[in-house]
Amino acid sequence: MSIPKKDPKGEVKKPVDPTAAAAPSKKGAQPVALLRGMRDLLTPDLVYFRHVQAVIAKIAGAYGFSEVETPQVEETALFVRGVGKATDIVEKELYTWETPGGESVSLRPEGTASVVRAYIQHGMLNMPQPVKLWYTGPMFRYDRPQAGRFRQFYQTGLECLGDADPIVDAQLILIAHLVAKELGIESIVKINSIGTPDSRTNYKNALVSYFRAKRSKLSEEDKKRLLKNPLRLLDSKDPGMQELKAEAPQMVDWLDEDSRVHFTRVLEYLDEVGVPYELDPYMVRGLDYYTKTVFELFAASDDPELAQTAIGGGGRYDGLVEMLGGRPTAGAGLAFGIDRLVSRLKDRQALPPHVEQVDIFLAQLGEMGRKRALAIFEEFRQAGIKVGEALTKASIKGQMEIANKMGAKWAIVIGQKEVLDGTAIIRDMDAGTQEIVDAKKLVHEIRKKLGK
Ligand code: AMP
């Protein structure tokens, strides 16, 4: 399939044999472990995930956003151009590989670049503007796994393309606030403006002269940032940086007039709707495409670590459509970190652990009863009645315990005698009383009892 390629030193690389890793060991089959930073999501965790995604979908729909789904794999160039070459996400965290056809592709590390690509590709520039889209799905970053940070994680995001008005930014921030509120999470928005690329260049120069004078106090990592992407110095987690940052020039003092007015407007709109926010003069966000407004959403917490872990973020990206080959078009967006929202809900046990609740339970005795139960189950399913069963269990006592756990108010019991007589037993699970009914009238009788 693949032709051996020459590496830069001129040596021929052997194609990797993907089956080699699966060769059986001498000891027999070993369990295959999960990759680091990856998780299986099981119920009840998934119930929380779906709940959070549904709340965002509902609010996004109410605000006029329609759903879009883009592929999880894209040309690497999309992220290099869109997210930015010198960002941590592209430099260190992309899952990239070469396809058998020789293309460089990557798993998406975020959703905005793909949505913008789709906007250009499908001629959405020619639709009435703004175009409002939302998406949900897994994102992939080869980051160091730690609490609240995974290599496959989930985001639900909203993008509003084709309108430069500051009210768009404010409405996105309002939505962020409302989603948290609907989930029962008290939130605070941190906000900043990083201006236009031009005003940012002037600011960057001021920042470089400030940090150059303090170069000896910088960590090795931060010295590299100073050369490559000085704005990222402001995101540095280095303990010494907090002190250095306190005296550093602030972006707001370097904003161009248009960005300054825009920022003031956004804040006025937020005041108007009572969304709590804090100005964070050093917030830059890790992606290159942002212009003007940037923001992050935090959940109030007594735990200082949690209080500083963002549950969402976004901003304006007026240059991105053009950077990706479209005509100049404004845009702004927001993405929620679903894993982190879920973890906040779980900490507070904001949803009861999920147990399958049923209307009735179908219990069986003996082989004839079991066979009959298969057909009865289907009769009830078609009648829209939720039935629980434990067809593989023989003991009636065990089956009644399961019926109780599932919250069934009524149980049907079918044994050999009932099959031969053409009857069924209906048991009232609370009272413990039983009655015998004609099997043909079973669904009707249960409907009456359930009031359906
Ligand atoms: P970003 O645009 O990179 O700030 O991502 C938006 C949101 O996604 C963040 O506020 C986090 O809640 C979440 N997020 C980002 N990276 C990860 C990760 N590696 N693991 C879990 N959640 C993440």
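Which ring does the charged end of K449 sit over? Here are some notes on the aromatic side chains, with the reminder that this is a predicted model.

1. To take that question up directly: the ring belongs to W410, and the charged end of K449 lies 4.8 Å from its centre. A second contact of this kind involves R151, whose charged end sits over the ring of Y142 at 3.9 Å from the ring centre.

2. Turning to ring-ring contacts, the structure has five aromatic pairs. One of them joins Y210 and F211, with ring centres 5.0 Å apart. Their planes meet at 80°, and over 60 degrees counts as edge-to-face, so this pair is classed that way. Y210 and F211 are both buried.

3. Another edge-to-face pair is Y289 with Y317, where the distance from centre to centre is 5.7 Å and the angle between the planes is 70°. Y289 sits in the loop between strand 8 (277-279) and strand 9 (291-299), while Y317 is in the loop between strand 10 (310-316) and helix 11 (320-323), so their contact ties together parts that are 28 residues apart in sequence.

4. Are these two tyrosines, Y289 and Y317, buried or exposed? Y289 has a relative accessible area of 3%, so it is buried, the cut-off being under 20%. Y317 also counts as buried, at 1% relative accessibility.

5. When you look at this region in the model, please include Y290 as well: ring pairs link Y289, Y290 and Y317 into a cluster.

Conventions. Residues are numbered from 1 along each chain as its sequence is written. Side-chain values use heavy atoms; hydrogens and water are left out. Rings of Phe, Tyr and Trp (its six-membered ring) pair if their centres lie within 6.5 Å; planes under 30 degrees apart count as stacked, over 60 as edge-to-face and the rest as tilted. Buried means under 20% relative accessible area, exposed over 50%, partly exposed in between (1.4 Å probe, protein chains only). Helices (H or I, at least four residues) and strands (E, at least two) are DSSP runs, numbered from the N terminus. A charge sits over a ring if NZ of Lys or CZ of Arg is within 6 Å of the ring centre and within 35 degrees of the ring normal.
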